[in-house]
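Visitor: Could you take me through one part of this structure closely, namely the salt bridges and the elements that carry them? I would like one connected account.

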Amino acid sequence: MSVHDELTSVQRCLDDLFRSVGRLEQQFGSGGLEMRRVKADADRLRESVALLRDAAPGIERPRRPDLVPISDAPYDKSLWTDTDDEGLGAHHGPGH
């Protein structure tokens with residue numbers, strides 16, 4: 001198996017673990033020390049696997065798109081010349 005396949009398998013197991021922990025929490029309640037420790041350990045495992053995934057060689061990570069800044073300055077009113085407001089018709093009235 002490749003590293004990617006192994007990490008995917010571990011992630012599936014962690015997802016199953018979280019579902020099981022959730023069911024146990026419903027039965028035992030979330031107030032007990034034991035339940036809090038199990039949840040904390042499961043959270044720590046999830047964080048550790050995420051760190052491992054980030055450090056793994058050869059795994060492509062999704063690239064964040066470049067952010068495009070949008071000015072807060074008002075638009076030039078000439079941009080809207082001869083345009084219609086959707087559902088309202090032309091600014092200059094019907095038949096002109």
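Guide: A salt bridge here is a side-chain nitrogen of Lys or Arg within 4 Å of a carboxyl oxygen of Asp or Glu. By this rule the count comes to 4 salt bridges, and it should be kept in mind throughout that the model is predicted. Three of them can be followed residue by residue.

Let us begin with Arg46, whose partner in a salt bridge is Asp15, with 3.6 Å between the closest N and O atoms. Arg46 belongs to helix H2, which covers residues 33-55, whereas Asp15 belongs to helix H1, which covers residues 3-28, so this pair ties together parts that are 31 residues apart in sequence. As to their surroundings, Arg46 has a relative accessibility of 34% and counts as partly exposed, and Asp15, at 27%, likewise counts as partly exposed. Both values fit that class because partly exposed is the range between buried, under 20%, and exposed, over 50%.

A second link between the helices is made by Glu25 and Lys39, a salt bridge in which the closest N and O atoms are 3.2 Å apart. Here too the pair links distant parts of the chain, with Glu25 in helix H1 and Lys39 in helix H2, 14 residues apart. Glu25 is partly exposed at 22% relative accessibility, and Lys39 is partly exposed as well, with a relative accessible area of 31%.

The salt bridge between Arg19 and Asp16, with an N to O distance of 2.3 Å, is placed within a single element: both residues lie in helix H1, 3 residues apart, which is about one turn of the helix. Arg19 has a relative accessible area of 47% and is partly exposed, and Asp16, with 42%, is partly exposed too.

It remains to look at helix H2 itself, the element that contributes Arg46 and Lys39 to the pairs described above. H2 has 23 residues and reaches 33 Å from its first C-alpha to its last, a span close to the 33 Å expected at 1.5 Å a residue. While Arg46 and Lys39 are partly exposed, the buried residues of this helix are Met35, Ala42 and Val49, and what covers those buried residues includes H1. Helix H1 therefore appears twice in the account of H2, as the element that holds the salt-bridge partner Asp15 and as part of the cover over the buried residues of H2.

Technical notes. Residues are numbered from 1 along each chain as its sequence is written. This is a predicted model: local features need pLDDT of at least 70, side-chain atom pairs count only at pLDDT 80 or more; totals for chains, interfaces and linings use all residues. Side-chain values use heavy atoms; hydrogens and water are left out. Helices (H or I, at least four residues) and strands (E, at least two) are DSSP runs, numbered from the N terminus. Buried means under 20% relative accessible area, exposed over 50%, partly exposed in between (1.4 Å probe, protein chains only). The expected span of a helix is 1.5 Å times one less than its number of residues. Contact means heavy atoms within 4.5 Å.
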